[in-house]
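Colleague: I'd like a close look at one part of this model, a single helix and which way its residues face. Once that is clear, could you walk me through a few other parts as well?

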Amino acid sequence: MINRRDLLKNAVKGFAGLALPLAAFEIINPKKLFAGKSDASGVRWAFLVDTYKCVGCGMCVKACKNENEIPYEANVTRTWVERYVVTKDGKTFADTPKGARDGFITGKIDLGMGNFQDIKKEEIEKAFFVPKLCNQCENPACVQVCPVGATYQAPDGVVMVDRTWCIGCGYCIMGCPYGVRFFHPVHHTAEKCNFCYHRITKGLQPACVLACPFGARQIGNIKDPNDPVTKIVRTERTGILKEEFGTKPQVFYIGLDREVK
Amino acid sequence: MVHGEIWTIKELFVYPNEYIYWSVQIVMYPFMTGLVAGAFVLSSLYHVFGVRQLREMARFSLVFSFALLFVAPMPIVLHLLHPLRGINVFMTPHFTSAIAAFGIVFSAYGAIVASELWFLYRKHFVEIALPLKEKQDKNLREWLKYLIFCALTLGVYDISEKALKKDEKAIKVLAAIGIPVACFLHGYAGFIFGSVKANALWMTPLMPVIFIMSAIVSGIALCMLTYILAMELRKRLAAREKGDSQRFQSKEDLAGAEVSVIRMTSKYLLMFLVLAITLELLDFIFRGYTAVKSWDVLRSVIYGKDFANIFILQYAIGSLIPFVLFLLPGLTIRRAVLGACLVLFGVFMMRWNVVIGGQAFSLSFAGYMHYHLPIIPHDWETFKEGFSGALLIGLMPFPLFWLISKIFPVFELKESH
Amino acid sequence: MKSHILRPLWVVLGLVALVLVARFFYVPKSFGIHERGYMYGWYRADDIEFWKNFPVKYQGTEYCKTCHPENYESLSMTPHAIIQCENCHGPAIEHPANPQKLTIDKSRGLCLRCHADLPYPTSGRADIKGIDPDKHNPDLECVMCHNPHKPGLEGLK
């Protein structure tokens, strides 16, 4: 016969043993990633956008299109800049003409279908620019829905598209809550920002980061505690886009506003 | 030109890469799969649940379901930007995607329908192949026929009473397995939309169930319609060849049989129609009541921009009117034809409102996209993803059915079982 | 005689075998489940090499400096030092080998990207000296009076 003490001991051991494999299922969160330095690759790319610094010049969009061979005149882009203008009577206006490829050179808001809204200086309560790009989500919804394994997450967290394998069904475009994906006008396959993978893997900055004169865009390795981006994400108040989708985006924003869509 | 740009007009704040990427072919796709599933369920009602009155309809709808089966993946193929790579879905399937799972379920379903047909028509194949085998001086046409039917027997020539009994049992089992697979198949079509969490209109667990219900409704309606058309054709022939009473029943007999079959079938149609509408309304009410973040933009689409499409074309013309038509006593063939046509239209509009309506608003919830279906094609893209492509898909089942019924005769008077 | 009931099943199994054989020849060897598991890591590993080898276009100011140190030095004293050479001069790629000459963007639109006056509080744009493009010499190119390498008023031509 076993006594109560032994029974208790065994029960605790048993539960601990059960919990161990369960731990393997725990979803990776940024905090865990900071700690995971011993990881094989040791790199997890993340992006930091400072919306206070952005002036809406669109140099990032221009550079991105040139660098990544996205036809310049095509109305699609891997990265873009949005403008938000909140007026004193509580209305919010937002636009991104041509993805801000040519910057914002007029105060008129593009309402689509050929309509423009002029807003007087006195009416503006707050106004700012928000650069957008692929969030390289930790749980990318676009990858989950690809029927053939043509889009995937590389070991360092960047989500990429295999142009030789993509069938062009558009399911990933539908699956992305951020609207960053589109069909490449030449290759006719799904296309997206990959943090300029050919540059970051050579130690260069992504084209948009390089082109930004104001330092509004930064890239870093979130697994490296000494990385400037990691330090800011850890110590300052940053936001992410559309948290409610559970995709765990890895592009962090300083000065994110509730009006940002 | 970027894919999708030609038929998309943007209003207010829309992200730069957003276009209506899923156009009319993706409307046709669940519509056609729905017809497949519906036709199969109708035939199973006889084979599994022994609804005697549907005997004539059962065989017909099974063959028709087989014809539709070949058309169902065609919209996807026309939609793909790399149609030749479509094979990748079978080569490297990624089962976390509803589309990949669809490939497997679809093939499994095809195998079930084909096997069921084989058991049903096995005796017929043998009866054709054997005399041809005996025949000495076969001409080229007969040789071809002989080879085809020989292959179709799969090397089984046993048509004894005992073997045919076994066939019947196999058909029953296959039909029983087929019902959940058919529902699964179409549930998956619904899951393709329902699982897109980025789309506020699509994301609901009710989506697959709604799709199954409306699929069965549309499948039954199409079977009714085609059945009536075929019967009319036979009646005409019977009137012309009065003397040849061996091949055709008299005109009066045919007319009588037809109405009873149609009345029986329409009861099932009504049942599933009520279920489908109930679920859809439940979805609407629930969205309005819970009114989460996306409701503002959804409301403006449902009650504003798409009001005519949803409430007039889909519900009033496509559901309410046929509902009354079928419910009124003394159903006539003419009324059934009108009702079935309206039901088909209603289900098509439901698919349209889901697929196109789901892309009528931006992911930003602050802008809209308007879809303009390309009517006159001026290049390959506007052909395949325009009105002409959809029409091609919509008409394809009929010649295919004619072709298949050469091998699987639908109106054979001699009952094999 | 054995039962014929299973005949269709053999046909189906034969077809499945056929697909599996085709798969063996068709699917590239590097295709498989990688680090992120089946959900996020099901792909052709060779594709990572494709993206790593994608050609670099923008070389950065340091690259320009090696041959044009005088321009670099003069610009570094001005507020325009924060702007990459290639933002206006175009991507260097393998310049001077290819392309031998860069196409310089001297358009009014380029300057207006920053200097069209937009009074947006809490945005860096409000701190940049700007003009109203409709009123400030609308028909002229900026570079006719201003020198982008000496952006202050003393640099006026």
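Modeller: Take helix α10 of chain B, which runs over residues 295–305. Four of its residues are buried: V297(B), L298(B), V301(B) and I302(B). Around the helix axis they cover an arc of only 125°, so they sit on the same side of α10(B). The spacing fits the usual rule: an α-helix has 3.6 residues a turn, so residues three or four places apart point the same way. Now look at the face turned away from that buried side: there you'll find D296(B) and G304(B), both exposed. Keep in mind that this is a predicted model, and that local features like these need a pLDDT of at least 70.

For another helix, go to α1 of chain C, residues 7–26. Of its 20 residues, the number buried is 1, so α1(C) lies largely in the open. Being buried here takes 20 or more other C-beta atoms within 10 Å of a residue's own. You can check the length of α1(C) too: at 1.5 Å a residue its 20 residues should span 28 Å, and the end C-alpha atoms are 29 Å apart, which agrees.

That helix also matters when you look at where chains C and B meet. In that interface, 15 residues of chain C are in contact with 14 residues of chain B. On the chain C side, α1(C) gives the most, with 7 residues. By class, the side of chain C that touches chain B has 11 nonpolar, 2 polar and 2 charged residues.

Chain A is the place to go for strands. It holds 8 helices and 12 strands, and buried residues make up 52% of its 261 residues. Counting contacts in chain A between residues at least 6 apart in sequence, 63% join residues at least 24 apart.

One piece of chain A to pick out is an open sheet of 3 strands, in the order β3-β2-β6, with antiparallel pairing. The edges are β3 (92–95) and β6 (124–132) of chain A; each has a single partner strand, so one side of each is left without a neighbour in the sheet. Neighbouring strands here are turned by 15° against each other on average, direction ignored. Zoom in on β2(A), residues 80–87, and you'll see it pair with β6(A) in the antiparallel sense over 8 bridges. If you want a residue pair to find on screen, try Y84(A), whose bridge partner in β6(A) is F128(A).

Terms used. Residues numbered from 1 in each chain as written. Chains lettered and ligands numbered in written order. Predicted model: local features only at pLDDT ≥ 70, side-chain atom pairs only at ≥ 80, totals over all residues. Pairing = 2+ DSSP bridges. Helix = DSSP H or I, 4+ residues; strand = E, 2+ residues; numbered from the N terminus. Axes fitted to C-alpha atoms, helices over the stretch in contact; angles between N-to-C directions. Buried ≥ 20, exposed ≤ 12 C-beta atoms within 10 Å, placed from the backbone. Contact = placed C-beta atoms within 7 Å. Nonpolar A, V, L, I, M, F, W, Y, C, P; charged D, E, K, R; others polar. Arc of directions from axis to C-beta. Expected span 1.5 Å × (residues − 1).
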